[in-house]
Amino acid sequence: PPDAERQVRTESNGDVVEEYRVGGMLRMVKITPARGVPYYLVDRNGDGRFELPQGVIAPVYFKLYSW
């Protein structure tokens, strides 16, 4: 959002988290993993529940090895 306050922090594992707040409420989060593709989580209606934007397919994870 154009009027959002942006805060950036780097996690201990190297991931970069960008938080966007409008009126003090967290509305969108951009996560850029140390390895991988960045993705967004969006709170569309202000209820505190974050979801992927429409049209974005959630990544599928498969267990390849286990011991």
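# Notebook: glutamate 19 and its salt-bridge network

I began with glutamate 19 and found its place in strand 2. I note at the outset that this is a predicted model, and I read every value below with that in mind.

**Entry 1, the setting of glutamate 19.** I looked up whether glutamate 19 is buried or exposed. Glutamate 19 counts as buried because its relative accessible area is 12%, and the cut-off for that class is under 20%. I then listed what glutamate 19 touches, leaving out residues up to four places away in sequence, and came to Glu5, Arg6, Gln7, Arg9, Leu26 and Met28.

**Entry 2, the sheet around it.** To place strand 2, I went through the sheet, which is open and is formed by 4 strands in the order 1-2-3-4, with antiparallel pairing. Its edges are strand 1, covering 5-10, and strand 4, covering 39-42, each of which pairs on one side only. From one strand to the next I noted an average twist of 20 degrees. Strand 2 takes in residues 16-22, and its antiparallel pairing with strand 1 runs over 6 bridges. For one bridge partner I looked at glutamate 5, and the residue that answers it in strand 2 is arginine 21.

**Entry 3, arginine 21.** Arginine 21, like glutamate 19, has its place in strand 2. I classed arginine 21 as partly exposed because its relative accessibility is 24%, a value that falls between the limits of under 20% for buried and over 50% for exposed. Setting aside residues up to four places away in sequence, arginine 21 touches Ala4, Glu5, Gln7 and Leu26. I also checked arginine 21 against aspartate 3, and although 18 residues separate the two in sequence, their C-alpha atoms are 8.7 Å apart in space.

**Entry 4, the salt bridges.** How many salt bridges does the structure hold? I found 4 of them, and I followed those that involve glutamate 19 and its partners.

- Glutamate 19 and arginine 9 meet through their side chains in a salt bridge of 2.6 Å, N to O. This pair links distant parts of the chain, since glutamate 19 lies in strand 2 and arginine 9 in strand 1, 10 residues apart.
- Arginine 9 also meets glutamate 11, again side chain to side chain, in a salt bridge of 2.7 Å, N to O. Arginine 9 counts as partly exposed because its relative accessibility is 40%, and glutamate 11 is partly exposed as well because its relative accessible area is 32%.
- Glutamate 19 and arginine 21 form a salt bridge through their side chains at 3.2 Å, N to O. Through salt bridges that share partners, Arg9, Glu11, Glu19 and Arg21 are joined into one network.

**Entry 5, a cross-check.** I went back to the glutamate 19 and arginine 21 pair, whose side chains are also listed as making a polar contact of 3.2 Å.

**Entry 6, what I take from this.** Which of the residues I had followed belong to one network of salt bridges with shared partners? I wrote down Arg9, Glu11, Glu19 and Arg21. Within that network, glutamate 19 is buried because its relative accessible area is 12%, whereas arginine 21 is partly exposed because its value is 24%.

Conventions:
Residues are numbered from 1 along each chain as its sequence is written. This is a predicted model: local features need pLDDT of at least 70, side-chain atom pairs count only at pLDDT 80 or more; totals for chains, interfaces and linings use all residues. Side-chain values use heavy atoms; hydrogens and water are left out. Two strands pair if DSSP finds at least two bridges between them. Axes are lines fitted to C-alpha atoms, for helices over the stretch in contact, and angles run from 0 to 180 degrees between N-to-C directions. Buried means under 20% relative accessible area, exposed over 50%, partly exposed in between (1.4 Å probe, protein chains only). A polar contact is a pair of N or O atoms within 3.5 Å; within protein, one must be able to donate a hydrogen and the other to accept it, and residues adjacent in sequence count only if both atoms are side-chain atoms. Contact means heavy atoms within 4.5 Å.
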